[in-house]
Amino acid sequence: FVQEDYMACMDIVDGEVVPAFSKLLEDLRSGVTIPESHHIYKALKRLNQEIRSPWILGDTFSIADIHALPVIARVHFVLQEYAEGLDEWEEFANLTDWLYRSRFRESFEATRVDEDVLRAIYDDLLLPIEVDNTPQYHYTEGMEAQLDQILKQLEWQSESIQILNARLNDLEKMALFSSGDAPETQDLSTSPTVDSGLSPPPPPPLPARSSI
């Protein structure tokens, strides 16, 4: 893929979707109705326009998909559960089709957070109970273990991205060497090798969700 295209998509994810998602959570927590003009929908429409089916950058599942998938999966869950959702909107057809395909990948299944866990976390975050007109947040039993699972999975995803970045750099060096543009002193035989294993750590067992 073209690195400029990858950077353009990631600018949308990191520079537009992530801040808009933070604003969405803030508005939901405040009880604000989420309009169609909300920042999150504008950001997702921008990303929707960039997706080149079947994957973000075309025919190959790439680091762009790996970068965007955890963010978009979480945004999609929150919008489906606590706002108007996305699935019925034609404006997001590319995005929702891409997310649907991604869910069948083994790596997604290995690292996804169970929806019951997500629901418990966001219920606590977004649906406080009122005591003397003051929000009180009711944390479920075992929340620390649930958050620990999420953090371990995010750590694995971060390590996977670093490994893929290292592979990309090696491929670029090899391409330069093959084209004759590499410096004469370059010795690819001494390039550090990268562990190709991307198996995530097994998630810890989760406690049953307590009633709230």
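**Close-up views of a predicted model**

**View 1. A negative patch on the surface.** E36, E84, E90 and E91 together form a negative surface patch. The model shown here and in the other views is predicted. One member of the patch, E36, sits in the loop that runs between α1 (residues 3-29) and α2 (residues 39-50). E36 has a relative accessible area of 59%, so this residue counts as exposed.

**View 2. The chain as a whole.** The protein chain contains 7 helices and 2 strands. Followed along the sequence, these elements come in the order α-α-α-α-α-α-β-β-α. The chain has 212 residues, and 35% of them count as buried. Its accessible surface is about 12700 Å², and carbon and sulfur atoms contribute 51% of that area. Among contacts in the chain with a separation of 6 or more, 73% are between residues 24 or more positions apart.

**View 3. A cis peptide bond at P54.** The peptide bond that joins S53 and P54 is cis, with omega at about 5 degrees. P54 belongs to the loop between α2 and α3, the latter covering residues 63-82.

**View 4. The surroundings of I161.** I161 is part of helix α7, which spans residues 143-179. Leaving aside residues up to four places away in sequence, I161 touches I63, I66 and H67. I161 and H67 are 94 residues apart along the chain, yet 7.5 Å separates their C-alpha atoms. Is I161 buried, partly exposed or exposed? Its relative accessible area is 22%; the limit for buried is under 20% and that for exposed is over 50%, so I161 counts as partly exposed.

**View 5. A salt bridge within helix α1.** The side chains of D27 and K23 form a salt bridge, with an N to O distance of 3.3 Å. Both residues lie in helix α1, where 4 residues, or about one turn of the helix, set D27 and K23 apart. The two partners can be described by their accessibility. D27 counts as buried because its relative accessibility is 9%. K23, with a relative accessible area of 32%, is partly exposed. The count of salt bridges comes to 7.

**View 6. R119 and E81, from two helices.** A salt bridge joins the side chains of R119 and E81 at 3.1 Å, N to O. This pair links distant parts of the chain, since R119 lies in helix α6 (residues 115-126) and E81 in helix α3, 38 residues apart. E81 is partly exposed, with 35% relative accessible area.

**View 7. R119 and E115, within one helix.** R119 also has a salt bridge with the side chain of E115, at 3.7 Å from N to O. In this case both R119 and E115 belong to helix α6; they are 4 residues apart, which is about one turn of the helix. E115 has a relative accessible area of 41% and is partly exposed.

**View 8. The network around R119.** Which residues are linked with R119 in a network of salt bridges? The network is made up of E81, E115, D116 and R119. Within it, the bridge from R119 to E81 has an N to O distance of 3.1 Å, and the bridge from R119 to E115 has one of 3.7 Å. E81 is in helix α3, while E115 is in helix α6 with R119.

Key: Residues are numbered from 1 along each chain as its sequence is written. This is a predicted model: local features need pLDDT of at least 70, side-chain atom pairs count only at pLDDT 80 or more; totals for chains, interfaces and linings use all residues. Side-chain values use heavy atoms; hydrogens and water are left out. Patches are made of residues with over 30% relative accessible area and no salt bridge: like charges are joined within 9 Å, nonpolar side chains (Val, Leu, Ile, Met, Phe, Trp, Tyr) within 5 Å. Accessible areas come from the Shrake-Rupley method with a 1.4 Å probe; for residues, only the protein chains shown count as cover. A salt bridge is a side-chain nitrogen of Lys or Arg within 4 Å of a carboxyl oxygen of Asp or Glu. Lys and Arg count as positive and Asp and Glu as negative; His and the chain ends are not counted. The place of a charge is taken as NZ of Lys, CZ of Arg, CG of Asp or CD of Glu. Buried means under 20% relative accessible area, exposed over 50%, partly exposed in between (1.4 Å probe, protein chains only). Contact means heavy atoms within 4.5 Å.
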